[in-house]
Amino acid sequence: MAKISLGICCMEEKLKCNVMKYFIKKLKEFEELEIIEFDSNTIFNLSIQEWPIVDSFLSFYSNGFPLDKAIKYWKLRRPYLVNDLELQLLLQDRQKVNKILEDNNIPCPKSLYVLRDPITNNLITPNFNQSDDYIEVNGNRIYKPFIEKPFNSDDHNNYIYYPKSQGGGCRKLFRKVGNNSSDYFNDINTIRDKGSYTYEEFLKIDDFKDVKIYSTKSFSYSELRKSPSVDGYVERTTMGKEKRSVTNLSDQEVNISFKINKAFKQFVCGFDILRVNGISYVCDVNGWSFVKGDHYKTFYDSTSKSLFEKLFNHFKNRNIIITNTNTVHNCSIGVAENAPQPSSTNTSPEQPNFDFSPSSSPTNIYPSSSSPLFNLNNPNNHRNNDQNNSNSTVTTPPHFDLISSSAYDKHHQDVSSHHKRVYNNQNSNHNINNNNNNNNNNNINNSNNNNNNNNNNNNNNNNNNNNNNNNNNNNNSIFSTISSSLSVDDSFTGSAI
């Protein structure tokens, strides 16, 4: 039986963290997938010629990961890439990240760049000047307060410089240590003179909170947290976790989310935005990031399903065994005779509360009002709907044309317990009965009676679902989806072997 092998290659502490283990667990529930985890010994001690050969490759950078080696492996074996590896090199340079944002018309704070020789620290940037309250490069000025960020995105030592009118001084930001994420120094007023930096306008953000967004091609999840620039004190829950709250996205933010996911070609791409008087600006792009809030299981339930469908659709020309409750069919992926046809109406009595499967119908609106999906066509779900969002243009991600979300969930109710895909075989049985009509009239009648009974049961289930949906009309959406009324290019870097 041919399976789609998916290699997962990252630092071991990332591979073994609870969130990643849950994601891998959900992927393993699809019996058509074979998950191959690259351990530390493989990554660091074996040559790329000795690395496992896989059909598809999910790899992401974190501090210490040999990204160059992973790229060489991809060039040698050419697996289908889930995350673009070469773009991850650019994610390590904040200046290059800003250039990609600007090229894609993604709003970000005004920036200037100061370059120095990495060995001598001699200034490379021409026409640079600084005064007590501003810096200037080639006649362009940024006034204090501004934030100074090293080019290297692994360096989180960002400094905020304040003007004399606000008391001057500098707040140094750093990775959280206990409950602290920054310190203030009133005697530091000049910028660092070693290293290369980007300088950004320091924006006064709404409610002193920034927004953490986790974007896929189909949906995004977003949380608010207290900005570390406020006072450096980290707000925590009674369980000791950083306090975060779910937030909906505006039209502009959903559009930004899709543009970033497409521009950086990461299946999940984390980034940060600042909300300033109803306008949003991207201040950081992190690449592959883990959801840390209470809804991480919900997010990865959806993400695993989306990734499976993506791989399933890509490898549709390969033969695969798809199991049925009664028969086994040897067929091409996605074209099984008995596979359910796309439907925009969900009749499953056991539809999960959280369903993010991209629909095969470009006009499909997710049917469950209790689902945490954010439908752009529903003005009640918009954040700040009255704030100049009426002319927002949202670019849609591609939808998967495998099967609809409703059919998908209906025929995967037992996937977690049985680890198999179950396709409805009623249509094929009905066709077989018709072909043998002269010899099996009684069987046909019995089948028709059973079908009528099933239809009655389905109608009752639909009524129950409608009642449940009506009871949940007031539930807030916690995930944002992109309207599927348009289509765009859906290209991933890499190819199947």
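Q: Which residue follows H4, and is its phi positive or negative?

A: This is a predicted model. In it, helix H4 is followed by Arg-78. The phi of Arg-78 is positive, near 55°.

Q: Which residues of H4 are buried?

A: Burial is read from relative accessible area, with under 20% counting as buried. In helix H4, which spans residues 67-77, the buried residues are Leu-67, Ala-70, Ile-71, Tyr-73 and Trp-74.

Q: Why do the buried residues of H4 line one face of the helix?

A: Look down the helix axis and note the directions in which the C-beta atoms lie. For H4, the buried residues fall within an arc of 155° in that view, so they line one face.

Q: What do the buried residues of H4 pack against?

A: Packing is read from contacts, that is, heavy atoms within 4.5 Å. The buried residues of H4 pack against three strands, E2 (33-38), E3 (56-59) and E4 (80-81), and against helix H5 (86-90).

Q: In what order do the strands of the open sheet with E7 stand, and is the pairing parallel or antiparallel?

A: The order is E6-E7-E8, and the pairing is antiparallel. Strands E6 (128-130) and E8 (140-143) are at the edges with a single partner strand each, so one side of each has no neighbour in the sheet. From one strand to the next, the twist averages 15°.

Q: How many bridges join E7 to E8, and which residue is the bridge partner of Ile-135?

A: Two strands count as paired when there are at least two bridges between them. Strand E7, residues 134-137, is joined to E8 by four bridges. The partner of Ile-135 is Ile-142 in E8.

Q: How many helices and strands does the protein have, and what share of its residues is buried?

A: The protein has twelve helices and 21 strands. It has 497 residues, and 50% of them count as buried. Of the contacts between residues at least 6 apart in sequence, 66% join residues at least 24 apart. The exposed area is about 23,700 Å², of which carbon and sulfur atoms supply 42%.

Q: Where does pLDDT stay under 50?

A: Where pLDDT is low, the predicted coordinates should not be read in detail. In this model, pLDDT stays under 50 over residues 320-444, for which there are 260 contacts beyond four places in sequence. It also stays under 50 over residues 463-476, with 13 such contacts. For the protein, the mean pLDDT is 74, and 64% of the residues reach 70 or more.

Note on methods:
Residues numbered from 1 in each chain as written. Predicted model: local features only at pLDDT ≥ 70, side-chain atom pairs only at ≥ 80, totals over all residues. Heavy atoms only, no water. Helix = DSSP H or I, 4+ residues; strand = E, 2+ residues; numbered from the N terminus. Buried < 20%, exposed > 50% of the residue type's maximum accessible area, 1.4 Å probe, protein only. Areas by Shrake-Rupley, 256 points an atom, 1.4 Å probe, with all protein chains shown as cover. pLDDT = per-residue confidence, 0-100. Axes fitted to C-alpha atoms, helices over the stretch in contact; angles between N-to-C directions.
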